[in-house]
Amino acid sequence: MQLGMVGLGRMGGNIVRRLTRQGHPCVVFDRDPAAVAALKGSGVTGGTDLKDLVHRLDAPRAVWVMLPSGEITEEAVTQLGHLLQPGDTIIDGGNSFYKDDIRRATDLKAKGIRYIDCGTSGGVWGLERGYCMMIGGDKQAVEDLDPIFSALAPGQGDIPRTPKREHREPRVEQGYVHCGPSGAGRFVKMVHNGIEYGLMQAYAEGFEILRQAAGESVPEERRYALDLPDIAEVWRRGSVISSWLLDLTAEAFAEDPALARYSGFVEDSGEGRWTIMAAIEEAVPADVLSAALYARFRSRDKDSFADKLLSAMRHGFGGHVEPKKKD
C-alpha cells in the first residue's frame, strides 16, 4: 500500500524503512534534501515539496506527517488540506495535543478529507522492534489503512498471551489499537507519556538512593559501596520492576557508570504537561506524574545523578540529546 511521509527525522525515516522492507512503496519529503536523498532507492520516491509529494501519490492518497508538535505540524496539515482531495487521508503520527486533533479532523471533514491521529511509541528502536500505535479517528479510515499499521506494529513476538483475551480485539496483541474517535489515540498516547515520566523518575530516584548509600552523611556501619551497573543488570532478570526502561538504564550504566556524558538537564516535550492538565480537568489526583514533571523543571537549575540517569534513558529510547547547563 502506497504512503506519503512528511518528516524524515529519527522516527519518520525509520517508519519509511520499515514499510518499504515489507513492500509498501513510499513517497517522501523533508525540508532537508539530504534526508530525502538518504532514503531514495528501492520503494522510495522523493518529492521536492508537498505539492510534488501529493502529485506523485495515487488516489485515494494517504499522507503521514511525522513532525515536531506545534507550528510546523499545523502548517504541514493546513497545506495538505489545500492539496489533497475528498477521500484522501492525513495521519499525524507525532506528539500533537489531542484537542488540536479534534479541531483539525473537524476542519478537514468539511473538505471530505479524513484525519487520523496516531500516537506512536517506539523511538529510535522502532525500525527493528516495531511501533506501538494508539489510533484515533473515523473507524473506516483506520480500517482502510490497516495494512500500514499492521506493517509498522511489533507483532506478538515472544510476549505471552494474556489469559481470557480470546474474544477481544486481536490487533491489540500485535501492538496497535483503534482507541476511538478523533483525538482518542493521541489522548491515550499523552497519558502513556505521562506515565513514562513517572516510571523514569522512580528509577532515577531509586538509583540515586543506592548511590548515596556510600555518602558521608550515612553512619559508617551502614555505608554501602554498591555496584549500580550490576544492580541494574540483576533487576532486569526476573525482578518485579523489570522493563524496557530498566534495560536502557543497564545499558547506560554498562557504558558509563558515572553517566559523565549526560548533563542532567532534562527536557519535557509537552505530553507530561498535557497529562497533568487533563488530570486537573477531570479532578483526578496525579501525585506521581505531577512530581515527575516538576522534577524535570527543577533539573534545569540544579542537576543530580538522578537527573543524569533521566537524560540517559531519554537518549536510550528516543535519541534525545539534552542541552548543556547555562553558566
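Here are four short exercises with worked solutions on a predicted model.

**Exercise 1. The second largest pocket**

Find which residues line the second largest pocket, and work out which element gives the most to that lining.

*Solution.* Start with the space itself: the second largest pocket holds about 190 Å³. Next, list its lining: Ala105, Thr106, Lys109, Gly112, Ile113, Arg114, Tyr115, Gly137, Asp138, Pro181 and Ser182. Now map these residues onto the elements. Two or more lining residues come from each of α5 (98-109) and β6 (114-121). The top contributor is α5, with three residues. Finally, sort the lining by class: four residues are nonpolar, four are polar and three are charged.

**Exercise 2. Arg103 in its helix**

Place Arg103 in its element, decide how exposed it is, and find its side-chain partner.

*Solution.* Arg103 belongs to helix α5. Its relative accessibility is 34%; buried means under 20% and exposed over 50%, so Arg103 is partly exposed. For the partner, look to Glu74: the two side chains are joined by a polar contact of 2.9 Å. As a distance check, try Pro285, which is 182 residues from Arg103 along the chain; the two C-alpha atoms are separated by 28 Å.

**Exercise 3. Two aromatic pairs**

Classify the ring pairs Tyr98–Phe187 and Trp125–Trp244 by geometry, and then locate their residues in the chain.

*Solution.* The whole structure contains nine aromatic pairs. For Tyr98 and Phe187, the ring centres are 4.9 Å apart and the planes meet at 80°; planes over 60 degrees apart count as edge-to-face, so this pair is edge-to-face. Tyr98 sits in helix α5 and Phe187 in helix α9 (residues 184-212), 89 residues apart, so the pair links distant parts of the chain. Tyr98 is buried at 13% relative accessible area, whereas Phe187 is partly exposed at 23%.

Turn to Trp125 and Trp244: with centres 6.4 Å apart and planes at 85°, this pair is edge-to-face. Trp125 is in the loop between β6 and α6 (126-129) and Trp244 in helix α11 (residues 244-255), so the contact ties together parts 119 residues apart in sequence. Trp125 is partly exposed at 33%, and Trp244 is partly exposed at 26%.

**Exercise 4. Clusters and charges over rings**

Identify the residues that join Tyr98 and Phe187 in one aromatic cluster, then find the charged ends that sit over the rings of Trp244 and Tyr197.

*Solution.* The cluster is made up of Phe97, Tyr98, Phe187 and Trp274. Over the ring of Trp244 sits the charged end of Arg129, 3.9 Å from the ring centre. For Tyr197, the charged end belongs to Arg296, at 3.7 Å from the ring centre.

Notes
Residues are numbered from 1 along each chain as its sequence is written. This is a predicted model: local features need pLDDT of at least 70, side-chain atom pairs count only at pLDDT 80 or more; totals for chains, interfaces and linings use all residues. Side-chain values use heavy atoms; hydrogens and water are left out. On a 1 Å grid over the protein atoms alone, a cavity is a set of points where a 1.4 Å probe fits but cannot get out, and a pocket is an open set with protein on both sides within 12 Å along at least five of seven lines; lining residues have an atom within 4 Å of a point. Grid points are joined across faces, edges and corners, and a volume is the space filled by probe spheres set on the points. Helices (H or I, at least four residues) and strands (E, at least two) are DSSP runs, numbered from the N terminus. Ala, Val, Leu, Ile, Met, Phe, Trp, Tyr, Cys and Pro count as nonpolar, Asp, Glu, Lys and Arg as charged, and the others, Gly among them, as polar. Buried means under 20% relative accessible area, exposed over 50%, partly exposed in between (1.4 Å probe, protein chains only). A polar contact is a pair of N or O atoms within 3.5 Å; within protein, one must be able to donate a hydrogen and the other to accept it, and residues adjacent in sequence count only if both atoms are side-chain atoms. Rings of Phe, Tyr and Trp (its six-membered ring) pair if their centres lie within 6.5 Å; planes under 30 degrees apart count as stacked, over 60 as edge-to-face and the rest as tilted. A charge sits over a ring if NZ of Lys or CZ of Arg is within 6 Å of the ring centre and within 35 degrees of the ring normal.
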